[in-house]
Amino acid sequence: MESKTANNDEKTDPEHWDRFEIEDQPPVKRSSRKTSLLSCPGNLETHRQTKETYPSINDKGDVKTLLKENGEAPKRRVSGYGLGPPSAGDTVKYPGRKRSSQGSNGMGITRGRLESTMTTDSLPNSSSTYGLVLAGNGDRRFIPKMGSSSLKREQWGKKFEFLLSLIGFAVDLGNVWRFPYICFKNGGGAFLIPYFLMVIFGGIPLFYLEVILGQYHRSGCISIWRKICPIFKGVGFGICLMALYVSSYYNTVIAWAVYYLYSSFASELPWSRCDPAWANENCLDQINASAHNMSWSNSSESPAHQFFERHVLELYKSSGIGDLGTPRWQIVACLFIVYVILYFCLWKGVRSSGKAVWVTATLPYVVLFILLIRGVTLPGAGLGIRYYLTPRWHYLARPGVWLEAATQVFFSLGPGFGTLIALSSYNRFDNNCYRDAIITSVINCLTSFMAGFVVFSFMGYMAHLLHKTNIEEVTTPGVGLLFVVLGQALTTFDGSVFFSIIFFLMIITLGLDSSFGGLEAVITGAADEFPEKVGKNREKFVLVFLSGSFLFAISTTTQGGAYLVTLLEAYAAGSAIMTFVLLEAISVSWFYGIDRLCGDVQAMLGFGPGIFWRICWKYISPIFLAFMIIMGFATSSNLAYDGQVFPDWSTAVGWLITLSSVILVPVYAIYRYCFETGSPRQRCFVLTKPEVGGQGLPRESLAMTTVPE
């Protein structure tokens, strides 16, 4: 390759290179010098390229990156000019940068020449076509033109697969059971006011921010911090640990739904009557109790309730969270099926998961529409819908209502889990991520709103059957709303088996979509951070990682697993994920820079973000997150499940789980600071500046900034 390149002494066409002009100053005529595709200030002219450090033009006219004999991409020397006095003839070394003496810049300003070694992870390594783009901050740089393939990185097979993946991740089980219950509990229709305010000023801006970062920098949640603010790279590691916690309980909930789906294939739904094999003397069919001259007491429990807790969970064999008992082999088997599905949807990357979302992201909407039509035609449905939407305005004076709205928006849209960054990193550079973010956010909110009609039409129907006038008497918080209340309602339908099958299929597909996203964030992050060990062995890594997650999740399949699921749901993400997103918003807005971020958007989309997005990213979103964190600490209390309050030590364990992922941020920052060279001021400067550029070619601010003494 070297001999062939040496003989190919071609000159590049100027249209393949970028030229910068200093504003309000005439262009300065300079002698020819060697340069590269990397931008640097000054009016530069193109010259012959060398075989070791610069791209070449092959006989087809394409830009082609030269590789060394071992196949490794060579490092590039990035040159530029920064303000500051030059050294007295000697080269002065800075951490990661080299500064040599340089004369006047031609305008009477003495400048020091700065050089930085950069790898080619942000450069094109396959043939492509480049075009000159004027960025939002006034500088010009070459980026891949529309339709070009700029990087040797996997991409979505079809544009719609990315959109479906975003929707599938954002729309999860919480949209079906949590939003309707939270809306009803916090003022009904009045709750929609804080909810939509949080969506507009907090949820959508943070969602859009992460999609921008992923698409521009084309990196996972770990390595992307090298291109934003290296000192916060611990956030990426913390996200991966948090994803392990979340997958351990979230997939168990999906396994419960798998067991219900299996149980639905019968002539009669097994939870429609009290089966002596799992029911006790307190089991009573409340709907048919009056027909059999039986009275409902405070100790009575419906067949659906006892089927879930006594048969599926065997919760009665556990005395609390301190006594988890043994794993339920039936649930372990269902959990294994869930992980097998996850593996074959993730092992090939977006080539496999992109095909799976055509089913998992669309089927829930088909089922929701069927259940909506069935629900609104049930007797008593109007009673439930009125309870769902009737505004109770005095609730808006309660701070907890606003916290509930912020929490629901945050966990529904899902910024901070690393998933949005991972999924968008497989996009084309010119993909309209702005449109995708708006469409996904709107669909997510409308799905939650529609799910509320489905759930509360069923609640009104149950109240009608039980001769109740208060919906609160038939409403259950948590996942019990899915498996107990709605499960019981399904038993009263004509064709109950059919409706039960499609209902739990919907629950499974909703859960799998979100689980795809959470696990893909870890896999993409690890593959980008360790390309040789993980990136080239993705199938093996996915197998090992999912096996570890499965073994960790077995603890939630025990007889007291429901208590552990409740604990992990409250503490595994919660404050940790909000802390991660707060650090992300601060680092992008204040260290990476709003102007630089807007320039990235300008380069990708051809238009930059407006003043609304700038204000939200820089001020409103950090305040929004800080409010959630503070209120979360202020309102925390001991958890409870099925009337049993957790002991104090369990709260301490919960906060340790939260701290275990958050602590990685300061630990990594201290580690990097200690091993960085230079003075304390130089270390802080280097660790808060991007190391390399994104998919678009690096700008002068990435490597040509004067390092302080």
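**Nonpolar patch**

I started at the surface and found a nonpolar patch of about 1200 Å², made by Ile193, Leu197, Ile200, Phe201, Trp393, Trp590, Phe591, Ile611, Phe612, Ile615, Tyr619 and Ile623. Patch members here have over 30% relative accessible area and no salt bridge, with nonpolar side chains (Val, Leu, Ile, Met, Phe, Trp, Tyr) joined within 5 Å. Areas come from the Shrake-Rupley method with a 1.4 Å probe, and for residues only the protein chains shown count as cover.

Note to self: this is a predicted model, where local features need pLDDT of at least 70 and side-chain atom pairs count only at pLDDT 80 or more, while totals for chains, interfaces and linings use all residues. Residues are numbered from 1 along each chain as its sequence is written, and side-chain values use heavy atoms, with hydrogens and water left out.

Which helices supply the patch? H4 (192–217), H18 (574–605) and H19 (611–634) each supply at least two residues; helices are DSSP runs (H or I, at least four residues), numbered from the N terminus. H19 gives the most, with five residues. I checked Phe612, which lies in H19, and at 32% relative accessibility it counts as partly exposed (buried is under 20%, exposed over 50%, partly exposed in between).

**Helix H20**

Next I looked at H20 (residues 648–662): its 15 residues should span 21 Å, and the end C-alpha atoms are 22 Å apart, which agrees. The expected span is 1.5 Å times one less than the number of residues. Its buried residues are Ser650, Thr651, Gly654, Ile657, Thr658, Ser661 and Val662. Seen down the axis, they fall within an arc of 135°, so they line one face of the helix; the arc is taken from the directions from the axis to the C-beta atoms. On the other side of H20, Asp648 and Leu656 are exposed.

**Salt bridges**

I searched the whole structure and got 13 salt bridges, meaning a side-chain nitrogen of Lys or Arg within 4 Å of a carboxyl oxygen of Asp or Glu. Glu161 pairs with Lys355, closest N and O atoms 3.4 Å apart. Glu161 is in H2 (residues 159–170) and Lys355 in H8 (residues 350–360), so this pair ties together parts 194 residues apart in sequence. Glu161 is buried at 2% relative accessible area, whereas Lys355 is partly exposed at 47%.

Lys536 and Glu532 also form a bridge, at 2.9 Å between the closest N and O atoms, and both are exposed.

Back near my first entry, Arg614 meets Asp595 at 3.1 Å, N to O. This pair links H19 to H18, 19 residues apart.

Key
Patch = residues over 30% accessible without salt bridge, like charges linked within 9 Å, V, L, I, M, F, W, Y side chains within 5 Å. Buried < 20%, exposed > 50% of the residue type's maximum accessible area, 1.4 Å probe, protein only.
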